[in-house]
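Here is a friendly walk through one protein model, one region at a time. Keep the 3D view open as you read.

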Amino acid sequence: MMSHAQTAANFIGVDLSGATMHAALVSGDGEVIARREAPLERDAVVAQVARTISELRDSSPNIAAIGVGIPGLVNRQTDRVLVSTDLPSVVRGDIHADLIKATGLRVELENDANAAAYGEYKVGAGRGSRDMFFATIGSGIGGAIIINGKLWLGASGFAGEFGHITIDAEGIECMCGNTGCLETLASAPNIVRRANDRLYRDNTSSLSRLAINKEFTAADIVHEAQEGDDFSLMMIERTGKYIGAAVASVINLLNIERIVLGGGVMEAGDLILGPIIREAERRAFQPCFEATQIAAAALGTDAVSIGAAMLARDATGQTNAA
Ligand SMILES: [Zn+2]
């Protein structure tokens, strides 16, 4: 007897957004059937993705389409990658045409934050909402807006630049040209920068002992906070306050039903979600705040690949979803 995975059409989602490439074989209702991951081969992305897809097709020959999440600006009308500082080779080439040629399958490209948002919206923490704002807080900070089931891209595709909301008008310079953006305070490298700036004043922290032996990361700060280190807890709480201030702006602007927050920094769980919600409540217009649910993302490192697969599914018009 053929299993469901063998008979029904499945989809493949690929995440090119980090140092590790993630790919997933995903059923029509968003369930991950198989995964592959490997260090991203920046200079041979097309060959790596084509090889990975061919491996995943061995576990399910019936693939209807492929979705690829790209760290950069993607024009979905022309299927071209316009800007990607992380993957310049993809900008120069034509990954869309190359992957169609290599696989014979339909290929959908999307910005990584948009893909993750779509995944959370369809099968993660956004499920059941009509309108959703999604933010990913990790090595950078990105955002995406889904209105009535569709990604809202803005006039030129840049909508949802949550990381570049101004938090501190007198703050440090951001790579976008502004000063004091949320990203200059709350991205993983900036949490580390702020911690280093303060540490010399507080050498009782377990983090300062860590800092003697190696450079610590935002994940180390989260870990020390979870172990009860006061300094690390304070750093996470302050980071939550900055994010909460930006969330309040989103709430006031969009009066949106649900806000879903993902990315590595959110691994701190309730230690950061609590301060975010409290600060958002303190700052947002009360009737707007009360209409908004704020939740942690549910799909973890699968978000981009599941979302890219769901975008591919919906672009082909095939839905096996119950
Ligand atoms: Zn900025």
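## Arg-36 and its strand

Arg-36 sits in strand 3, which covers residues 32-39. Bear in mind as you explore that this is a predicted model. With a relative accessibility of 31%, Arg-36 is classed as partly exposed, because that class lies between the 20% limit for buried and the 50% limit for exposed.

Which residues does Arg-36 touch, if those up to four places away in sequence are not counted? The list is Met-21, His-22, Ala-23, Thr-52, Glu-55 and Leu-56. You can also find Leu-25, eleven residues from Arg-36 along the chain, with 8.7 Å between the two C-alpha atoms.

## Ser-305, tucked into a helix

Now move along to helix 13 (residues 303-316), where you will find Ser-305. Ser-305 has a relative accessible area of 1%, so this residue is buried.

Setting aside neighbours within four places in sequence, Ser-305 is in contact with Gly-13, Val-14, Asp-15, His-22 and Ala-24. You have met one of these before: His-22 is also touched by Arg-36.

## The zinc site

What holds the zinc ion, as far as protein donors go? They are the ND1 atom of His-164 and the SG atoms of Cys-174, Cys-176 and Cys-181, at 2.0 to 2.3 Å from the ion. Along the sequence, the spacing of these donor residues reads H-x9-C-x1-C-x4-C.

Why is the arrangement around the zinc ion called tetrahedral? The angles between the four donor atoms run from 105 to 118°, and that makes it tetrahedral. For comparison, the ideal angle for four tetrahedral donors is 109.5 degrees.

The donor residues also let you practise reading accessibility. Cys-181 has a relative accessible area of 0% and is therefore buried, whereas Cys-176, at 42%, counts as partly exposed.

## Two pairs of helices

A pair of packed helices is described by the angle and the distance between their axes. Start with helix 2 (residues 45-59) and helix 4 (residues 95-103), whose axes come within 10 Å and cross at roughly 35°. This crossing is right-handed. Helix 2 contributes Val-45, Val-46, Val-49, Ala-50, Ile-53 and Arg-57 to the contact, and helix 4 contributes Ile-95, Asp-98, Leu-99, Ala-102 and Thr-103. By class, these residues are eight nonpolar, one polar and two charged.

Next come helix 9 (residues 218-226) and helix 10 (residues 230-254), with axes that come within 7 Å and cross at roughly 115°. Here the crossing is left-handed. From helix 9, Ile-221, Val-222, Glu-224 and Ala-225 meet Ser-232, Leu-233, Met-235 and Ile-236 of helix 10. That contact has six nonpolar residues, one polar and one charged.

## Two loop residues with positive phi

Most residues other than glycine have a negative phi. Asp-79 is not a glycine, yet its phi is positive, at about 60°. Look for Asp-79 in the loop between strand 5 (73-75) and strand 6 (80-83).

Asn-148 has a positive phi too, near 55°, and is likewise a residue other than glycine. Its loop runs between strand 9 (141-147) and strand 10 (150-151). Are these two loop residues, Asp-79 and Asn-148, buried or exposed? Asp-79 is buried, with a relative accessible area of 17%, while Asn-148 is exposed, at 54%.

Technical notes
Residues are numbered from 1 along each chain as its sequence is written. This is a predicted model: local features need pLDDT of at least 70, side-chain atom pairs count only at pLDDT 80 or more; totals for chains, interfaces and linings use all residues. Side-chain values use heavy atoms; hydrogens and water are left out. Donors are N, O and S atoms within 2.8 Å of the metal (3.2 Å for Na, K and Ca); water is not among the atoms, so sites may look incomplete. Four donors count as tetrahedral if all angles lie between 85 and 135 degrees; four count as square planar and six as octahedral if opposite donors are over 155 degrees apart and all others between 65 and 115; anything else is irregular. Buried means under 20% relative accessible area, exposed over 50%, partly exposed in between (1.4 Å probe, protein chains only). Axes are lines fitted to C-alpha atoms, for helices over the stretch in contact, and angles run from 0 to 180 degrees between N-to-C directions. Helices (H or I, at least four residues) and strands (E, at least two) are DSSP runs, numbered from the N terminus. A crossing is left-handed if the near helix is turned anticlockwise from the far one by less than a right angle, and right-handed if clockwise. Contact means heavy atoms within 4.5 Å. Ala, Val, Leu, Ile, Met, Phe, Trp, Tyr, Cys and Pro count as nonpolar, Asp, Glu, Lys and Arg as charged, and the others, Gly among them, as polar.
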